[in-house]
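Good morning, and thank you for joining this group meeting. Please take a moment to look at the sequence and the structure before I begin.

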Amino acid sequence: MKKLRNVVVLLVITLLLTGCVKYNVNMEIRKDKSMNFEMIYAMNSSLLQGKDVFDEKELKEIKDKGFKVEKYDKDNMKGFTISREIKNIDYISSSDAKEYSLSAITKKGDQKVFKVKKGLFKNKYTANLKFDSSDSKMSNGNSNSQFREETDDDDLLIDSKDDDSDLDLDLDTDDSDLDLDTDDYSSMMSGMDMSINVKLPYKALSNNATEVTNDGKDLKWNLTTSGAQSIDFEFELYNMTTIY
């Protein structure tokens with residue numbers, strides 16, 4: 001049993017060090033309240049063994065929901081780029097929105113990404129997003145994500161569901177030869193590219209991003225180095241129709 005645990009740990013370390021996963025979520029919010037959403041999901045081609053991250057059925061479902069799908073093939077990483085334009089983020093906002101999970105993309109139901117406080121000339125939007133790599137199966141090469149959406153407002157709803165059962169490994173942490181210190185863990189995680197990136201038209205009112213540039217307009221959460229699971233930011237947009 002101890003030998004098996006050693007093999008499993010060594011395999012996990014090898015996968016992490018070889019940069020096995022690329023998971024980038026990009027949101028660009030514009031002054032007119034439109035938003036571009038993009039997700040890049042790719043894996044090291046050696047792990048895919050000739051297969052794709054999504055099978056043909058899943059790709060058809062994604063396209064049927066109005067997403068644009070393009071193949072991603074760069075630096076020995078293969079997968080897909082999924083994107084969609086949102087006409088107005090008010091479609092995916094509500095006054096009582098709570099924490100929203102980014103672990104999955106396009107879940108059917110009343111899922112609102114932003115909490116909005118409406119004003120006469122401008123609205124304040126609050127994003128309280130959650131990311132959990134274990135829920136999103138980022139380390140599972142046999143992804144079985146199912147993409148769905150709520151079509152009432154012709155908006156983007158972000159969520160995925162994996163029906164594959166999780167593999168639970170009970171590792172004996174008392175074994176000194178399996179211990180990993182903080183530096184070892186950080187080194188392994190740096191081999192993965194996982195981030196949330198947000199571009200705003202105006203400076204964010206508040207945020208907990210790991211990197212802030214462009215005078216507070218560009219926010220980045222580096223999930224591999226920070227271990228961040230909560231992505232929080234606030235911003236304002238003008239109601240141009242009212243102003244006109």
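**A pair of phenylalanines and their surroundings**

Phenylalanine 114 and phenylalanine 235 are both buried, a word I use for a relative accessible area under 20%, with exposed meaning over 50% and partly exposed in between (1.4 Å probe, protein chains only). Together these residues form an edge-to-face aromatic pair, at 5.7 Å centre to centre and with 85° between the planes. Rings of Phe, Tyr and Trp (its six-membered ring) count as a pair if their centres lie within 6.5 Å; planes under 30 degrees apart are stacked, those over 60 are edge-to-face, and the rest are tilted. Phenylalanine 114 belongs to strand β7 (residues 114-117) and phenylalanine 235 to strand β13 (residues 230-238), so this pair ties together parts that are 121 residues apart in sequence. Helices (H or I, at least four residues) and strands (E, at least two) are DSSP runs, numbered from the N terminus.

Before I continue, some words on the source. This is a predicted model, in which local features need pLDDT of at least 70 and side-chain atom pairs count only at pLDDT 80 or more, while totals for chains, interfaces and linings use all residues. Residues are numbered from 1 along each chain as its sequence is written, and side-chain values use heavy atoms, with hydrogens and water left out.

Let me return to the aromatic residues. Tyrosine 125 and phenylalanine 235 are both buried. Their rings form a stacked pair, 5.3 Å centre to centre with 15° between the planes. Since tyrosine 125 lies in strand β8 (residues 122-130) and phenylalanine 235 in strand β13, the pair ties together parts that are 110 residues apart in sequence. One aromatic cluster is formed by Phe114, Tyr125, Trp221, Phe233 and Phe235. Across the whole structure, a search finds eight aromatic pairs.

What does phenylalanine 235 touch, not counting residues up to four places away in sequence? The list is Ile29, Ile89, Phe114, Asn123, Lys124, Tyr125, Leu200 and Leu205, where a contact means heavy atoms within 4.5 Å. Phe235 is also among the residues with the most contacts inside the largest nonpolar core, which has 46 residues; the others named are Met35, Ile89, Phe114, Leu129, Trp221 and Phe233. A nonpolar core is a set of buried Ala, Val, Leu, Ile, Met, Phe, Trp, Tyr and Cys residues joined through side-chain atoms within 4.5 Å.

**The chain as a whole**

The chain contains six helices and 13 strands. Of its 244 residues, 43% are buried. Among contacts with a separation of 6 or more, 67% are between residues 24 or more positions apart.

**Two enclosed strands**

I turn next to strand β4 (residues 77-86). Eight of its ten residues are buried, so β4 is largely enclosed by the rest of the structure. Strand β2 (residues 35-44) runs antiparallel to β4, and ten bridges join them; two strands pair if DSSP finds at least two bridges between them. Phenylalanine 37 has arginine 84, in β4, as its bridge partner. Arginine 84 also lies over the face of phenylalanine 67, at 5.9 Å from the ring centre. For such an arrangement, NZ of Lys or CZ of Arg must be within 6 Å of the ring centre and within 35 degrees of the ring normal.

Strand β3 (residues 68-74) pairs with β4 as well, in the antiparallel sense over seven bridges. Lysine 74 has methionine 77 as its bridge partner in β4. Which residues lie in the loop between β3 and β4? Aspartate 75 is there, and so is asparagine 76. Aspartate 75 has a positive phi of about 50° although it is not a glycine, and at 67% relative accessibility it is exposed. Asparagine 76 has a positive phi near 65°, and at 47% relative accessibility it is partly exposed.

Strand β9 (residues 193-199) has five of its seven residues buried, so β9 is largely enclosed by the rest of the structure. Its pairing with strand β1 (residues 21-29) is parallel, over seven bridges, and tyrosine 23 is matched there with methionine 194. With strand β12 (residues 218-222), β9 pairs in the antiparallel sense over five bridges, where asparagine 197 has lysine 220 as its bridge partner.

**The last helix**

I close with methionine 240, in helix α6 (residues 240-243). Methionine 240 is partly exposed, at 30% relative accessible area. Its C-alpha atom is 7.5 Å from that of aspartate 32, although the two residues are 208 apart along the chain.
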